[in-house]
Amino acid sequence: MIGEPEVHEEFEARLKAYEGLPAAATGVGRDLVNEPMIRHWCEAMGDTSPAYTGPDAIAPPTMLQAWTMAGLTRRPERTAAYDELLTLLDASGHHAVVATDCEQEYLRPLRPGDRVTFDSVIESVSGRKTTRLGTGYFVTTRTDVRAGGELAGTHRFRILKYAPAHRPSKPAERRPRPVVNRDNAGFWEGVARHELLIQRCTACRTLRFPWLPGCNTCGSPDWDTVAASGEGTVYSYVVMHHPPFPAFEPPYAVGLVELAEGVRIVSNVVGVPYDDVRIGMPVRLEFRRYDEELELPVFQGVGP
């Protein structure tokens, strides 16, 4: 285990021994420098320079690395020395990796039809560094890119191989708090008593939900409440998969529930697998506590 300073020095000496060894040998670009890739690159970057089109077109210099990339397969030209270096770092607990930066130098333009070859060397391995991500070592490789035997450019690529820093676990996320105002405070007072209260216009007796300051039917501002029986059916629903929200664990079913009294409410459908929820499914009201402050009305599926 790496711990004391002298142990660090011994380990770092082993890492330093890899400096100057090849990381990739006699690599050959999978494709010739070509116009379609140049066009796609320019479209993605929004680069409209006339230098990249026409009979005398050159490739954008910043595409230098693109002509050497192997895609999703392992590079056949990667050396055993580079693999050994990474394995040594993995085995010592520095198993995480992040790319940190790259530097490029351009010496000769590349043109459509050029065949690119390249060689890479392990240029440097840093001493032990402590970062916000964790403690580890910066490994820099230098790739020399050639075309027609000429050096076209140099690409330095630096990664950090590190042991992730221990971070204290975050407290459990809480569900968002409902907005309580003078127009709906009575509803939340009912929830606290395990009652689902529906507004009723005292002038025309129309039931309404959600709560409103006045009647949509007759315009009267006067109302009282009735307690819902708790029986209902799923009028419509969605299953939430993405995006994830704090304190919610997708997938879960959100239903538009039609209560026996005729009004509808949006809430979670619980107690049945999310993919078993169906329009017309009978549900029954229950109150579920999510934390010390929050209790919400939800609906338990009670039928096939």
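Colleague: Let's start with N184. Where in the chain is N184 found?

Modeller: N184 is found in the loop between β6 (150-164) and α4 (185-192). Keep in mind that this is a predicted model.

Colleague: Is N184 buried or exposed?

Modeller: Buried means under 20% relative accessible area. N184 comes out at 17%, so N184 counts as buried.

Colleague: And what is N184 in contact with, leaving aside its neighbours within four places in sequence?

Modeller: V179 and W211, once those neighbours are set aside. There is a polar partner to look at as well: a polar atom of the N184 side chain lies 2.8 Å from the backbone nitrogen of N181.

Colleague: On to α4 itself. Which residues of α4 are buried?

Modeller: G186, F187, G190 and V191. Around the helix axis they cover an arc of only 145°, which puts them on the same side of α4. As for partners, the buried residues of α4 pack against β7 (197-201), and also against β13 (282-289) and β14.

Colleague: What does the backbone do just after α4?

Modeller: Look at H194, which takes a positive phi of about 60° there. H194 does this although it is not a glycine. H194 sits in the loop between α4 and β7, and with a relative accessible area of 44% it is partly exposed.

Colleague: R205 caught my eye too. What is the phi of R205?

Modeller: About 70°, so again positive, although R205 is not a glycine. R205 belongs to the loop between β7 and β8. Its relative accessible area is 46%, so R205 is partly exposed.

Colleague: Let's compare with α3. How do I check that the ends of helix α3 are where they should be?

Modeller: Use the rise of 1.5 Å a residue. The twelve residues of α3 (residues 80-91) should then span 16 Å, and the end C-alpha atoms are 16 Å apart, which agrees.

Colleague: Which residues of α3 are buried?

Modeller: A81, Y82, L85, L86, L88 and L89. They cover an arc of only 155° around the axis, which puts them on the same side of α3. The face turned away from that buried side carries the exposed residues A80 and A91. Just after α3, G93 takes a positive phi of about 100°.

Colleague: Now peptide bonds. Which residues does a cis peptide bond join where omega is about 5°?

Modeller: F209 and P210. You'll find P210 in the loop between β8 (207-208) and β9 (223-227). A cis peptide bond also joins H242 and P243, with omega about 0°. P243 is in the loop between β10 (231-240) and β11.

Colleague: What about pockets? How does one find empty space in a model?

Modeller: The general idea is that rolling a probe the size of a water molecule over the atoms shows where empty space is left. Take the second largest pocket here, which has a volume of about 520 Å³.

Colleague: How many residues line the second largest pocket, and which lie nearest its centre?

Modeller: The lining is made of 22 residues, and W188, V266, S267, L296 and P297 lie nearest the centre. The elements that give two or more residues to that lining are α4, β11 (252-259), β12 (264-270) and β14 (295-301). With five residues, β12 gives the most.

Colleague: Last stop, R115. Where is its place in the chain?

Modeller: In the loop between β2 (96-106) and β3 (116-125). R115 has 40% relative accessibility, so it counts as partly exposed.

Colleague: What does R115 touch, not counting residues up to four places away in sequence?

Modeller: One set of partners is V28, G29, R30, D31 and L32, and R115 also touches R146, A147 and G148. With G29 there is a polar reach: the side chain of R115 comes to 3.0 Å from the backbone oxygen of G29.

Colleague: And how far is the C-alpha atom of R115 from that of A260?

Modeller: They are separated by 74 Å, and the two residues are 145 residues apart along the chain.

Notes:
Residues numbered from 1 in each chain as written. Predicted model: local features only at pLDDT ≥ 70, side-chain atom pairs only at ≥ 80, totals over all residues. Heavy atoms only, no water. Helix = DSSP H or I, 4+ residues; strand = E, 2+ residues; numbered from the N terminus. Expected span 1.5 Å × (residues − 1). Buried < 20%, exposed > 50% of the residue type's maximum accessible area, 1.4 Å probe, protein only. Arc of directions from axis to C-beta. Polar contact = N/O pair within 3.5 Å; in protein donor to acceptor, adjacent residues only side chain to side chain. Contact = heavy atoms within 4.5 Å. 1 Å grid on protein atoms, 1.4 Å probe; cavity = no way out; pocket = protein on both sides within 12 Å on 5 of 7 lines; lining within 4 Å. Points joined across faces, edges and corners; volume = space filled by probe spheres on them.
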